[in-house]
Amino acid sequence: MVKINLNTPLHIDFRHQETQAKLFNSLQQFYNLKTPFNTITVTQLCADAHVGRATFYRNHEKIDDIIYIQFLILINDFKLRVDDRQEINFQYASQLIVQLIIDNINLFNLMEWSNIEKQITELFSGTVHSILINRSAQLNHADIISNVIGSSILNFAVQITKHSDLLSVSEATKLYQILIPDLPANQT
């Protein structure tokens, strides 16, 4: 695969980053305390994070947006790492994806806890579709391919989070390469 730029990077200004980090850390604390997600109120979260309710609502509609934004940041990190490479291949992309999954196990746990798998699956599928477009792939059924690969990557990530203490990065990468197909090239 040749070098591709995967879009303009996500830009979140410093104040929003700081607020996002405080809210996300607070959510992680609620998760660690085994608080049911649907019992957390914006008032509780903001008090715990030392963030005003007005600030929360300026940046979020609901609490699970905090987790969604963390996934956007994760995907942006992936895109930046890909764009930094002169050439990208399936081997490197596999290693990068697995490393990001392992580095963000808590994020995947929070996704399940908050019950937003559907939104994150759509986000992953959209990212795969974006990569296909940026590769100028003229594919029949690109939407189906994007949905299958996006949901497969997310399902793989969920399984890795459940077994992370049993797998090394190299073992997880080998599994990834067996279970998740490389993005297809143009169809002629």
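This is a short tour of a predicted model, one selection at a time.

**Whole chain**

Start with the full protein in cartoon view. It holds 9 helices and 0 strands. Read from the N terminus, the elements run α-α-α-α-α-α-α-α-α. Now colour by burial. Of the 188 residues in the protein, 44% are buried. Then turn to contacts between residues at least 6 apart in sequence. Of these, 72% join residues at least 24 apart.

**Stop 1: helix α2**

Select residues 42–49, which form helix α2. Show side chains for Val42, Leu45, Cys46 and Ala49. These four residues of α2 are buried. Where do they sit around the axis of α2? They cover an arc of only 95 degrees, so they lie on the same side of the helix. Step on to His50, just after α2. His50 takes a positive phi of about 60 degrees.

**Stop 2: helices α4 and α7**

Select residues 64–83 for α4 and residues 117–134 for α7. Two packed helices are described by the angle between their axes and the distance between the axes. For α4 and α7, the angle is about 25 degrees and the axes are 11 Å apart. Angles under 35 degrees count as roughly parallel, so α4 is roughly parallel to α7. The crossing of α4 with α7 is right-handed.

Now show the side chains between them:

- From α4, pick Asp64, Tyr68, Phe71, Leu72, Ile75, Phe78 and Lys79.
- From α7, pick Gln119, Ile120, Leu123, Phe124, Thr127 and Ile131, which meet those α4 residues.

Colour this set by class. The contact of α4 with α7 has 9 nonpolar, 2 polar and 2 charged residues. The charged residues are Asp64 and Lys79 of α4. The polar ones are Gln119 and Thr127 of α7.

**Stop 3: helices α6 and α8**

Select residues 105–114 for α6 and residues 142–163 for α8. How are α6 and α8 oriented to each other, roughly parallel or roughly perpendicular? They pack at an angle of about 110 degrees, with their axes 9 Å apart. The range from 65 to 115 degrees counts as roughly perpendicular, and α6 and α8 are therefore roughly perpendicular to each other.

Bring up the contact residues:

- On the α6 side, show Ile105, Phe108, Asn109, Met111 and Glu112.
- On the α8 side, show Leu154, Ala157, Val158, Thr161 and Lys162, which meet the α6 set.

By class, the contact of α6 with α8 divides into 6 nonpolar, 2 polar and 2 charged residues. Glu112 of α6 and Lys162 of α8 are the charged ones. Asn109 of α6 and Thr161 of α8 are the polar ones.

Key
Residues numbered from 1 in each chain as written. Predicted model: local features only at pLDDT ≥ 70, side-chain atom pairs only at ≥ 80, totals over all residues. Heavy atoms only, no water. Axes fitted to C-alpha atoms, helices over the stretch in contact; angles between N-to-C directions. Helix = DSSP H or I, 4+ residues; strand = E, 2+ residues; numbered from the N terminus. Parallel < 35°, antiparallel > 145°, perpendicular 65-115°, else oblique. Left-handed = near helix turned anticlockwise from the far one by under 90°. Contact = heavy atoms within 4.5 Å. Buried < 20%, exposed > 50% of the residue type's maximum accessible area, 1.4 Å probe, protein only. Arc of directions from axis to C-beta.
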